[in-house]
Each structure stands twice: as C-alpha cells, then as structure tokens.
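Visitor: Please show me the structure, and explain how each descriptive term is justified.

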Amino acid sequence: MSRPRLSRAESKEQTRRRVLEAAARVFRRRGYRGASVEAIAAEAGYTVGALYSNFEGKDDLLLALLEEEIGEITKRVVAAAGEAGDAIEKLRRGALEWMALLEEEREFYVLLIEFWILWVRDPELRPEHAERFAALRRGLGQLVEEQARQVGLSLRLSPEEVGAAVVALADGLALQRLADREAFSDDLLATLLATLIPALAEAR
C-alpha cells in the first residue's frame, strides 16, 4: 500500500525537521566552530541548497535548535515544579530538574556557551539575543514574584532583577559542574533558591 503524498508544506516541514535533527548530531560531535553546513546537509541526506531553503545558515540553525531545546527544558522544569504544593518546594523541584537536565544534556549546554561567546562579540546579533535573555529573566522573575506572593511576601527588587539572580546562580553552578562533576551536590542550587524568596523579599 503506497503512502499518501505529502503536501508541499508537509514536505518542507519534514525537510526542516531532518536538517535540525542532523544539525543537533553534528553540533554535538564537532561543536559550533567545527560544524559546517556541508557536514549538516550530508548528515541529513540533503543538498546544501535544501538546507539553505529552510535556514539562513549555521547561526540560524543553531539558534533554532537552541530555542527548541530551551523550550523543552523549560517545560520539564515547570512540570517538575508544578508537582509541588508550596512555593519553596516548587523552586526546589525546579532546581533539581535543572541539575538533572544538565547531566543529561551536557553537550547542549556547552553549545550554548560556545554560541554565547560568539554573539556577545557580534554587534549585529547582540541586541536580538540580549532581548531573548531579557525575556527569560523577566519570566523567571515573575514566577518567583508569584511564588513570593503566595506566602505573603513582597519582592524588594524588580522581577527582571530577581530573574537575573536566578539565571546567574543556575548558569554559574552549571559552569562549575561542567568543569568538575564532583564540585558540589545535586541539591545545592535547590538549597540556594529555597533561600532566595526570603532573602529578596519582605513581609507585607
């Protein structure tokens, strides 16, 4: 029995998905600098032209991949936090899930660091990506603000400032963990975040 023919839109999406999956494998093996559009296209089983019909180039491919994976990571962290009842335990569960993901997705985080170094030096890319991270800080800060409100506390800092503190803790510990797996226990981030609300808030 023959398979139904894909529509043009379906075929394009299938190509895009295969190129992204191939890019993920090549980036993990070779890193950002070592990867090439030719290697990614060959891995996907397509021509370089097919790759460029879906992505602008290597930067665009990596950005699409990072956004997709960050979205999945965010879902897992939020889902883990959602299993808890009180505000402090939500932060703790979310932090533990983040550390577990760091263990599972070590190469992904290394890629993120590599891309970070490139775009912060690029005056054209920097404003666009700076806004992406600002949105992340605001989102995290609003989440902490909501949890603080549930326990009758009012934050002394803006949500974006609180989000910056959370990101700094998570990223800083991640860098230490990448360098030395035994540097600290899995629950250190959870312990630090559990003290964050009382430290940055005051009773209303």
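Guide: A residue counts as buried under 20% relative accessible area, as exposed over 50% and as partly exposed in between (1.4 Å probe, protein chains only). The model is predicted: local features need pLDDT of at least 70 and side-chain atom pairs pLDDT 80 or more, while totals for chains, interfaces and linings use all residues. Residues are numbered from 1 along each chain as its sequence is written, and side-chain values use heavy atoms, leaving out hydrogens and water.

Visitor: Why is A135 called partly exposed?

Guide: The relative accessibility of A135 is 38%, between the two cut-offs, and A135 therefore counts as partly exposed. A135 belongs to helix α7, residues 125–150. From A135 to D187 the separation is 52 residues in sequence and 26 Å in space, C-alpha to C-alpha.

Visitor: What makes E97 a buried residue?

Guide: E97 has a relative accessible area of 19%, which is under 20%, so E97 is buried. This residue lies in helix α5. Leaving aside residues up to four places away in sequence, E97 touches R76, V77 and A80, where contact means heavy atoms within 4.5 Å.

Visitor: How do you know how many helices and strands the protein chain has?

Guide: Helices are DSSP runs of H or I with at least four residues, strands are runs of E with at least two, and both are numbered from the N terminus. The protein chain has 10 helices and 2 strands. Their order along the sequence is α-α-α-α-α-α-α-β-α-α-α-β.

Visitor: Why are α7 and α8 called roughly perpendicular?

Guide: Their axes, which are lines fitted to C-alpha atoms over the stretch in contact, cross at roughly 100° and come within 6 Å. Angles run from 0 to 180 degrees between N-to-C directions. The class from 65 to 115 degrees is roughly perpendicular, whereas under 35 is roughly parallel, over 145 roughly antiparallel and the rest oblique. The angle falls in that first class, and α7 is therefore roughly perpendicular to α8. The residues of the contact comprise 9 nonpolar, 3 polar and 4 charged. Among them are L136, L140 and V144 in α7, and V162, V166 and V167 in α8.

Visitor: What makes the pair α5 and α8 oblique?

Guide: Helix α5 (residues 87–104) and helix α8 (residues 159–179) pack at about 40°, with axes 11 Å apart. That angle belongs to none of the three named ranges, so α5 and α8 are oblique to each other. The crossing of α5 over α8 is right-handed, the term for a near helix turned clockwise from the far one by less than a right angle (anticlockwise gives left-handed). W98, M99, L102 and E103 of α5 meet A170, A174, R177 and L178 of α8.

Visitor: How do the residues of the contact of α5 with α8 divide into nonpolar, polar and charged?

Guide: They comprise 6 nonpolar, no polar and 2 charged. Ala, Val, Leu, Ile, Met, Phe, Trp, Tyr, Cys and Pro count as nonpolar, Asp, Glu, Lys and Arg as charged, and the others, Gly among them, as polar.

Visitor: Which residues of α2 are buried?

Guide: In α2, residues 37–44, the buried ones are V37, A39, I40, A41 and A44. They pack against α1 (8–34), α3 (48–52) and α4 (58–82). After α2 comes G45, with a positive phi near 85°.

Visitor: What percentage of the residues of the protein chain count as buried?

Guide: Of 204 residues, 38% count as buried.
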